[in-house]
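New to this one? Here is a quick briefing to read alongside the sequence and the 3D view, sorted by topic.

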Amino acid sequence: MATPANTLDQSKSSPSFRSIFTPCTAEQRQQNFESYWEFSQQHAGKIYEEDRDLENKRNKREQFVTNQVRSRNPLPDLDAFYRNNVELVDNPETLDQKTLLMTCIYKFARHELNGIKGAWDTVPAVDKARDIKDKISRVHLAEEFCHVRLFTEMLHTFHLQDIEFPSLGPIETKVYEIFPHFPEALMSPPAFVTELMGMNFYIQLDEKICEILDDEPEARDRLRELLHEIMVDECAHIGQRRNFMGPIGIWFSKVMIKPIFKMFTRDIPEIAILFDVDRLIGDAHNFNYSTISQRIIDRSWVPSYCKV
Ligand SMILES: [Fe+2]
Ligand SMILES: [Fe+2]
């Protein structure tokens, strides 16, 4: 399989993009929905509604599974992963970095899955869509289900075969159930900020994979390949979700960055242990695609008004 694209220093994109918060007109947004939908159909292929899956993603996943990679050594203490994956119960200082990295990936994937399950039931199937936004949202959600499968493959790479994602607590489950029923104007800013947070999380996750898994070169490269598949989609999701908003939504998004990031850090304590949270927040405020590798951008989608 292909060598993973480097998202680190040497292949960062050239400064040919504008801030994600760049203003645009309603007409530009409509044109960008059309351009995104064209990109999305080619990128994802056919949708399998029953399976919440997509043709091209499925094919790619099958290649990963057929050419499976497993780490040379399992984690130092597999039980420590299964004890701390749902809830961090041990003192994190007693846990090794690899275990913390895996429990962090697990927790992020569990959140992602629980966040999209409720939304899937509220967005009509592509062939019943009321407009282009419904179609985009349906395929977007199917992509998120595919990400959970790719995260699961990352964990399998480290011999963590027994992976299930139980529901979150009753309050969080209720919030995720109600949220997709909000009117678009209210739902768009937090939905956009969540995408922005995801991408900045993945950028630092990529760096941590390189740093922590240095003694597992094959497994490290496989994790990065899996992660970069997700990042191509997420790079496109940022612009797509931004495109749902006018000036008030954009203003509101900026206000929400810090509280939403802090909330996630509370839910997934590994983020504050492994990552630089101030940088996560700063990079979200300053996001203009310059922190993403050109090789990822080339396979993804950027709104026309963010291009110079
Ligand atoms: Fe995702
Ligand atoms: Fe996403």
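The iron ion (ligand 1) takes its protein donors from Glu112 (OE), Glu144 (OE), His147 (ND1) and Glu234 (OE), which lie 1.8 to 2.2 Å from the ion. Keep in mind that this is a predicted model. A second iron ion (ligand 2) sits 3.7 Å from ligand 1, and Glu144 coordinates both.

**The two iron sites**

- Around the iron ion (ligand 1), the four donor atoms subtend angles of 68 to 144°, so the arrangement is irregular. A tetrahedral label would need all angles between 85 and 135 degrees.
- Looking for the ligand 1 donors in the sequence? Their spacing is E-x31-E-x2-H-x86-E.
- The iron ion (ligand 2) is coordinated at 2.0 to 2.8 Å by Glu144 (OE), two OE entries from Glu195, Glu234 (OE) and His237 (ND1).
- Along the chain, the ligand 2 donors follow the spacing E-x50-E-x38-E-x2-H.
- Glu234 turns up in both donor sets: it is listed for ligand 1 and again for ligand 2.

**Where the iron donors sit**

- Glu144 and His147 are both in helix α5, and because they are three residues apart, about one helical turn separates them.
- Are Glu144 and His147 buried or exposed? Glu144 is buried, with a relative accessible area of 4%, and His147 counts as buried too, at 0%.
- Helix α8 holds another such pair: Glu234 and His237 are three residues apart there, about one turn of the helix.
- Both Glu234 and His237 are buried.

**The largest pocket**

- This pocket has a volume of about 1300 Å³.
- It is lined by 42 residues, and the closest to its centre are Gly115, Phe179, Met187, Ala191 and Thr194.
- Which elements give two or more residues to the lining? They are α4 (97-120), α5 (132-157), α6 (170-178), α7 (184-212), α8 (217-242) and α9 (247-267).
- Helix α7 gives the most, with nine residues.
- Sorted by class, the lining has 22 nonpolar, eight polar and twelve charged residues.
- Ala191, one of the residues closest to the pocket centre, is found in helix α7. With a relative accessible area of 14%, Ala191 falls under the 20% cut-off and so counts as buried.
- Ala191 and Phe179 are twelve residues apart in sequence, and their C-alpha atoms are 9.5 Å apart in space.

**Aromatic pairs and a cluster**

- The structure holds 18 aromatic pairs.
- Take Phe81 and Tyr106: their ring centres are 6.1 Å apart and their planes are at 90°, so this pair is edge-to-face.
- The Phe81–Tyr106 pair links distant parts of the chain, with Phe81 in helix α3 (residues 78-84) and Tyr106 in helix α4, 25 residues apart.
- Phe81 and Tyr106 are both buried.
- Trp251 and Phe252 make a stacked pair, 6.3 Å centre to centre with 15° between the planes.
- How exposed are Trp251 and Phe252? Trp251 is exposed, with a relative accessible area of 56%, while Phe252 is partly exposed at 33%.
- One aromatic cluster is formed by Phe108, Phe151, Phe201, Tyr202, Phe264 and Phe275.

**Backbone spots to check**

- His159 is not a glycine, yet it has a positive phi of about 65°. You'll find His159 in the loop between α5 and α6, and at 29% relative accessibility it counts as partly exposed.
- Tyr289 is another residue other than glycine with a positive phi, this one near 75°. Tyr289 lies in the loop between α11 (277-285) and α12 (294-298), and it is buried, with a relative accessible area of 0%.

**A contact across the chain**

- Gln28 and Tyr305 are 277 residues apart along the chain, but 7.7 Å separates their C-alpha atoms.
- Gln28 is found in helix α1 (residues 26-44) and is partly exposed, with a relative accessible area of 26%.

Notes. Residues are numbered from 1 along each chain as its sequence is written. Chains are lettered from A and ligands numbered from 1 in the order in which they are written. This is a predicted model: local features need pLDDT of at least 70, side-chain atom pairs count only at pLDDT 80 or more; totals for chains, interfaces and linings use all residues. Side-chain values use heavy atoms; hydrogens and water are left out. On a 1 Å grid over the protein atoms alone, a cavity is a set of points where a 1.4 Å probe fits but cannot get out, and a pocket is an open set with protein on both sides within 12 Å along at least five of seven lines; lining residues have an atom within 4 Å of a point. Grid points are joined across faces, edges and corners, and a volume is the space filled by probe spheres set on the points. Helices (H or I, at least four residues) and strands (E, at least two) are DSSP runs, numbered from the N terminus. Ala, Val, Leu, Ile, Met, Phe, Trp, Tyr, Cys and Pro count as nonpolar, Asp, Glu, Lys and Arg as charged, and the others, Gly among them, as polar. Donors are N, O and S atoms within 2.8 Å of the metal (3.2 Å for Na, K and Ca); water is not among the atoms, so sites may look incomplete. Four donors count as tetrahedral if all angles lie between 85 and 135 degrees; four count as square planar and six as octahedral if opposite donors are over 155 degrees apart and all others between 65 and 115; anything else is irregular. Buried means under 20% relative accessible area, exposed over 50%, partly exposed in between (1.4 Å probe, protein chains only). Rings of Phe, Tyr and Trp (its six-membered ring) pair if their centres lie within 6.5 Å; planes under 30 degrees apart count as stacked, over 60 as edge-to-face and the rest as tilted.
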